[in-house]
Amino acid sequence: MVELFSYTPILKGFIVLIFLGFAFPITGVYLLRMNLLPLRFMLMHGAILGGALSLAMEVNPFGGTMAINLILVLLMTWMSRSLKADPGQLSAFFMVLSISLAFIFIYRFQVPAKDTLSLMWGSLYTLNNYEFVGTIVFSMILVLFQAYYRHQLRAVFFDADIARTSGVNETGFYYIIILITAITVAAAMKLIGALLLDAILLLPALIASYHAKSYKSMVLWSSFWGGLFASIGFLLSLLFELPASSTIAVFASAVFLILILTKKK
Amino acid sequence: MEHSLILLHNDQIVFTSDEHWLYPLFELEQYLINSAIPIEQLFLKDKIAGKAAAALIVRLGIRNCFIELLSERALPVFEQYGIKYSYNQMVDHIQCRTEDLIMDKMSMEETYLFLRKRAGKVQGTTLKIKELAVEISGKSILQDLELDLGRGEQLVIQGENGGGKTTLLKSILGLINPVHGSILIGEELVGSSAWQKNRHQTGYLNQEITRNNFPITSAEVVAIGVSGIKISNSEREYRIELAMRKTGCFSIRNEMFHQLSGGEKQRISIARCLCQNARLLLLDEPTSYLDEKGKEELAELLIDLSRNEAPTMLLVSHDSNWTDQLKWPHKTLKNGKLW
């Protein structure tokens with residue numbers, strides 16, 4: 001199995017997976033804590049719209065999905081805050097709008113639907129250098145952001161009003177968290193696919209929430225579980241010659257199930 | 001006397017002050033906190049003393065003193081507490097408004113707190129609300145509301161549910177923008193950039209806090225109080241520990257917040273406000289989720305707070321049985337105004 005790492009795509013895929021495995025579950029904590037679960041469905045559909053648009057315009061789909069997702073989250077956040085509309089309902093609205101527009105583009109510009117929908121599965125071994133470096137840099141920024149602003153983030157997650165009255169710029173942090181979520185989802189879709197990104201994004205944070213007793217331990221445990229799922233899942237996929245993203249998701253689900261059953265006992 | 005106040009120990013000068021009014025005695029109070037000299041061995045020389053200074057001298061524990069110019073009004077205080085005094089000149093009263101304001105029925109603790117407030121030696125700040133009008137979704141909630149609270153004062157606002165009590169607190173916090181009027185906390189207008197920088201000086205205990213199930217320890221909740229200001233880690237830890245010890249919750253610092261009783265949660269929330277050095281404390285229905293024991297403990301804690309740190313406190317509640325225990329002044333919010 002070791003000789004497989006001599007292949008550049010596999011080595012690059014493994015390195016990226018280690019970085020995102022440890023870093024991306026931090027976003028999962030944000031999603032869980034701020035009740036932003038509907039947001040990620042909107043982002044998944046937004047990524048399909050971005051992919052369809054990019055393919056129609058013959059540009060890199062990774063940049064297209066990222067751009068559309070950023071526009072969507074900024075629109076959604078602005079509307080929910082200024083119009084006092086429910087973020088869940090707005091997410092559903094943008095989700096429907098995105099997928100509708102995506103299929104209009106696919107039909108109108110005769111984009112092969114198969115290529116657009118390949119975003120659902122991800123492509124860990126087809127990273128170009130920009131995507132490789134970009135994902136590693138973003139992972140590091142995410143970890144540094146969490147480490148540097150841990151006190152302010154803890155306040156925002158605990159209670160928005162309390163955070164504001166403690167002197168924390170809650171609105172600013174809310175926007176940054178939403179932007180980080182958009183970038184994370186777009187990057188995770190490219191790497192492990194829309195259908196499986198929860199294995200890295202949400203499952204580690206969910207498991208951590210079962211045994212964490214503090215905010216600090218929740219973040220650290222989420223990161224630990226994410227890193228474990230990514231690295232062990234990847235090695236298992238090489239060992240049994242299975243798709244990496246699916247193997248990671250199955251391994252993460254198995255650990256989740258075992259921990260839930262053990263907890264019940 | 002070349003100084004306003006001199007403190008002697010075995011005829012040696014150990015402390016002097018050149019401040020005016022009661023400030024030399026408040027400076028002396030700080031000196032004595034850190035001094036190891038037995039207080040009964042100290043001899044105080046003061047330039048002028050009336051009833052207020054006499055009360056402070058008694059409160060400091062000084063037993064022997066010489067006063068250059070002594071007011072007759074100070075004598076009953078010295079005699080009641082057995083203070084040995086001598087003087088150079090006696091007058092029937094001294095020109096001091098503070099002396100006139102001290103009532104005979106006030107206890108020593110009440111007098112001391114009154115003098116601290118008057119000297120600005122309390123944590124509390126002033127709150128001034130003028131012609132405040134607030135609308136929510138086009139409906140008038142508060143109209144021409146006026147309120148004036150001095151440093152370290154307390155006020156209970158009562159009123160029916162939905163009468164605008166929470167709206168008033170949120171307006172003071174800057175969470176709701178008024179359509180008319182102004183709110184001044186200290187010298188800072190709510191909404192101004194100066195207020196924004198010192199926003200942490202207003203502490204808030206809301207109704208929802210007791211239902212929060214976020215995995216977070218008690219110490220982490222208290223730490224939220226200092227999350228908006230830049231301080232070193234050691235200072236952060238010191239302030240957290242101090243606030244938790246003051247409110248009697250240091251022993252539960254590692255407990256998960258959402259597993260605590262309602263009373264313990266409110267204790268932690270008050271510690272959070274102390275940790276952020278809140279000079280104005282706003283409490284929104286703090287007994288909503290408390291049992292009788294929790295209510296009793298909270299009342300004790302608030303009374304204790306009003307006597308020690310003495311932040312200015314504004315409490316809204318419809319639980320009049322409980323607020324009566326506090327013996328704080330009351331106002332009622334009705335038809336958008338305070339009565």
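This section describes the overall dimensions, helices, salt bridges and surface patches of a predicted model.

Chain B contains 12 helices and 15 strands. The C-alpha trace of chain B extends over about 70 × 45 × 40 Å along its principal axes. Of the 339 residues in chain B, 52% are buried. Within strand 4 of chain B lies Leu69(B), which is partly exposed at a relative accessible area of 23%. The C-alpha atom of Leu69(B) is separated by 8.7 Å from that of Gly50(B), although the two residues are 19 residues apart along the chain.

Two helices of chain A illustrate the burial of helical segments in that chain. Helix 10 of chain A, formed by residues 170-192, comprises 23 residues. The distance from its first C-alpha to its last is 32 Å, close to the 33 Å expected at 1.5 Å a residue. Because 17 of the 23 residues of helix 10 of chain A are buried, this helix is largely enclosed by the rest of the structure. Helix 10 of chain A is followed by Gly193(A), which has a positive phi near 95°. Helix 8 of chain A, spanning residues 150-158, is likewise mostly covered, with 8 of its 9 residues buried. The buried residues of helix 8 of chain A include the aromatic pair Phe157(A) and Phe158(A). Also among them are His151(A), Gln152(A) and Arg154(A), together with Leu153(A), Ala155(A) and Val156(A).

Over all chains, the structure holds 15 salt bridges. One of these joins the side chains of Arg59(B) and Glu109(B), with an N to O distance of 2.9 Å. This pair links distant parts of the chain, since Arg59(B) belongs to helix 2 (residues 51-60) of chain B and Glu109(B) to helix 5 (residues 108-118) of chain B, 50 residues apart. Both partners retain some accessibility: Arg59(B) is partly exposed at 32% relative accessibility, and Glu109(B) is partly exposed at 42%.

A further salt bridge is formed between Asp100(B) and Arg73(B), whose closest N and O atoms are 2.8 Å apart. Here too distant parts of the chain are linked, 27 residues apart. Asp100(B) is located in helix 4 (residues 97-101) of chain B, whereas Arg73(B) occupies the loop between strand 4 (64-71) and helix 3 (75-80) of chain B. Asp100(B) is partly exposed, at a relative accessible area of 43%, and Arg73(B) is partly exposed at 32%.

The salt bridge between Lys295(B) and Glu292(B), at 3.7 Å from N to O, lies within a single helix. Both residues belong to helix 11 (residues 292-307) of chain B and are 3 residues apart, about one turn of the helix. The two partners fall into separate accessibility classes. Lys295(B) has a relative accessibility of 15% and therefore counts as buried, whereas Glu292(B), with a relative accessible area of 58%, is exposed. Elsewhere, salt bridges with shared partners connect Arg81(A), Asp161(A), Arg164(A), Glu170(A) and Lys170(B) into one network.

Two surface patches were also identified. On chain B, a patch of negative charge is formed by Glu131(B), Asp144(B), Glu146(B), Asp148(B) and Glu153(B). Strand 7 of chain B, covering residues 139-149, contributes the largest share of this negative patch, with 3 residues. Glu146(B) is situated in strand 7 of chain B and counts as partly exposed because its relative accessibility is 42%.

On chain A, a nonpolar surface patch consists of Phe19(A), Val133(A), Val137(A), Met140(A) and Ile141(A), which together present about 410 Å² of accessible area. Helix 7 of chain A, covering residues 129-148, supplies the largest share of the nonpolar patch, with 4 residues. Met140(A) is placed in helix 7 of chain A. At 42% relative accessibility, Met140(A) is classed as partly exposed.

Technical notes. Residues numbered from 1 in each chain as written. Chains lettered and ligands numbered in written order. Predicted model: local features only at pLDDT ≥ 70, side-chain atom pairs only at ≥ 80, totals over all residues. Heavy atoms only, no water. Patch = residues over 30% accessible without salt bridge, like charges linked within 9 Å, V, L, I, M, F, W, Y side chains within 5 Å. Areas by Shrake-Rupley, 256 points an atom, 1.4 Å probe, with all protein chains shown as cover. Salt bridge = Lys/Arg side-chain N within 4 Å of Asp/Glu carboxyl O. Lys, Arg positive; Asp, Glu negative; His and termini not counted. Charge placed at Lys NZ, Arg CZ, Asp CG, Glu CD. Buried < 20%, exposed > 50% of the residue type's maximum accessible area, 1.4 Å probe, protein only. Expected span 1.5 Å × (residues − 1).
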